[in-house]
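Me: Please give me a close reading of one part of this model, beginning with a single side chain and working outward from there. I should like the reasoning behind each assignment where the geometry allows it.

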Amino acid sequence: NAWTDRVCTYCSKSFKIMTYKLHDKNTERGKFCSIHCARKGRDYSFIKKHGLAMTQTYHAWQAMKTRCYNKNFHAYPNYGARGITVCERWLASFENFYEDMGEKPCGKSLDRINNDKGYSKENCRWATNEEQQRNRRWAKLLTYKGVTKPIAEWAEITGIPYRTILGRLKKFGNKDFVIDGHKKMRSRPSV
């Protein structure tokens, strides 16, 4: 086995290394004389690129990519397998994602506005758990006067119980009557 003389890039001390180790894929080999110097002298700028690697925003970005591209991840069938993807801009770098979405607000998480489309600036928002629950694939939607919202939200806005709206939809099918009929029924003159 041949040995090669090297100089430590951290402490400038001379040391010997087996030549075959210099051809390893590990580019750090041959730069440092010891583990101590390697830890002290290693360039960590790739980790500290943006300084946000330990934030919840960064975690949300990583989780989004995992859901869409890691076939071994438990949620992959609901994301990647359905064709949900991440836009090229966000895949390219965390900085692009951060620039478009900003810091993750406390109590909110990443949500796709249209659940059949992928992750992009146009289709994502930071949403509360309640907002996300209403924005699920199986949430029943109602369009009233050109505005589409989940039935649960219409129930909250109008004061009409959720089951009443659902019953009227099944019985009458007329979406405007589901909401307007409530007002008309209350305003009937008593006999």
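Reply: In this predicted model, Trp 61 has a relative accessibility of 6% and therefore counts as buried, the limit being under 20%. Trp 61 belongs to a set of buried residues in α3 that also comprises Thr 57, Tyr 58, Ala 60, Met 64, Lys 65, Arg 67 and Cys 68. These buried residues pack against two helices, α4 (88-92) and α5, and against two strands, β3 (109-112) and β4 (124-127). The length of α3 agrees with its residue count: at 1.5 Å a residue, its 14 residues should span 20 Å, and the C-alpha atoms at its ends are 20 Å apart.

The aromatic residues deserve attention next. The whole structure contains eight aromatic pairs. In one of them, Tyr 58 and Trp 61, the ring centres are 5.4 Å apart and the planes meet at 50 degrees, so this pair is tilted. The two residues are three positions apart in helix α3 (residues 56-69), so about one helical turn separates them. Tyr 58, at 18% relative accessibility, also counts as buried. A further tilted pair is formed by Phe 94 and Phe 97, with 6.3 Å from centre to centre and 35 degrees between the planes. Phe 94 and Phe 97 are likewise three residues apart, about one turn, but within helix α5 (residues 94-101). Both Phe 94 and Phe 97 are buried. The residues of these two pairs join Trp 90, Tyr 98 and Trp 126 in one aromatic cluster.

A charged side chain of α3 also meets an aromatic ring. Arg 67, one of the buried residues of the helix, lies over the face of Tyr 79, at 5.2 Å from the ring centre. Elsewhere, the charged end of Arg 112 sits over the ring of Tyr 119, 5.2 Å from its centre.

The surroundings of Trp 61 can also be described through nonpolar packing. The largest nonpolar core has 18 residues, and those touching the most other members are Trp 61, Met 64, Trp 90, Phe 97, Met 101, Leu 110 and Tyr 119. Two or more residues of this core come from each of α3, α5 and β4. The largest share, five residues, is supplied by α3. Met 101 illustrates the packing: leaving aside residues up to four places away in sequence, Met 101 touches Trp 90, Leu 110, Cys 124, Arg 125 and Trp 126. Separate from this core is a second one of 10 residues, including Leu 142, Ala 155, Ile 160 and Ile 165.

Finally, there is the cysteine of α3. Cys 68 is buried, because its relative accessibility is 4%. The cysteine sulfur closest to that of Cys 68 is in Cys 124, 9.2 Å away; a disulfide requires sulfur atoms within 2.5 Å, so the distance is too far for a bond. Indeed, the structure holds zero disulfides. Cys 11 differs from Cys 68 in exposure: with a relative accessible area of 36%, Cys 11 is partly exposed, whereas Cys 68 is buried.

Note on methods:
Residues are numbered from 1 along each chain as its sequence is written. This is a predicted model: local features need pLDDT of at least 70, side-chain atom pairs count only at pLDDT 80 or more; totals for chains, interfaces and linings use all residues. Side-chain values use heavy atoms; hydrogens and water are left out. Buried means under 20% relative accessible area, exposed over 50%, partly exposed in between (1.4 Å probe, protein chains only). Rings of Phe, Tyr and Trp (its six-membered ring) pair if their centres lie within 6.5 Å; planes under 30 degrees apart count as stacked, over 60 as edge-to-face and the rest as tilted. Helices (H or I, at least four residues) and strands (E, at least two) are DSSP runs, numbered from the N terminus. A charge sits over a ring if NZ of Lys or CZ of Arg is within 6 Å of the ring centre and within 35 degrees of the ring normal. The expected span of a helix is 1.5 Å times one less than its number of residues. Contact means heavy atoms within 4.5 Å. A nonpolar core is a set of buried Ala, Val, Leu, Ile, Met, Phe, Trp, Tyr and Cys residues joined through side-chain atoms within 4.5 Å.
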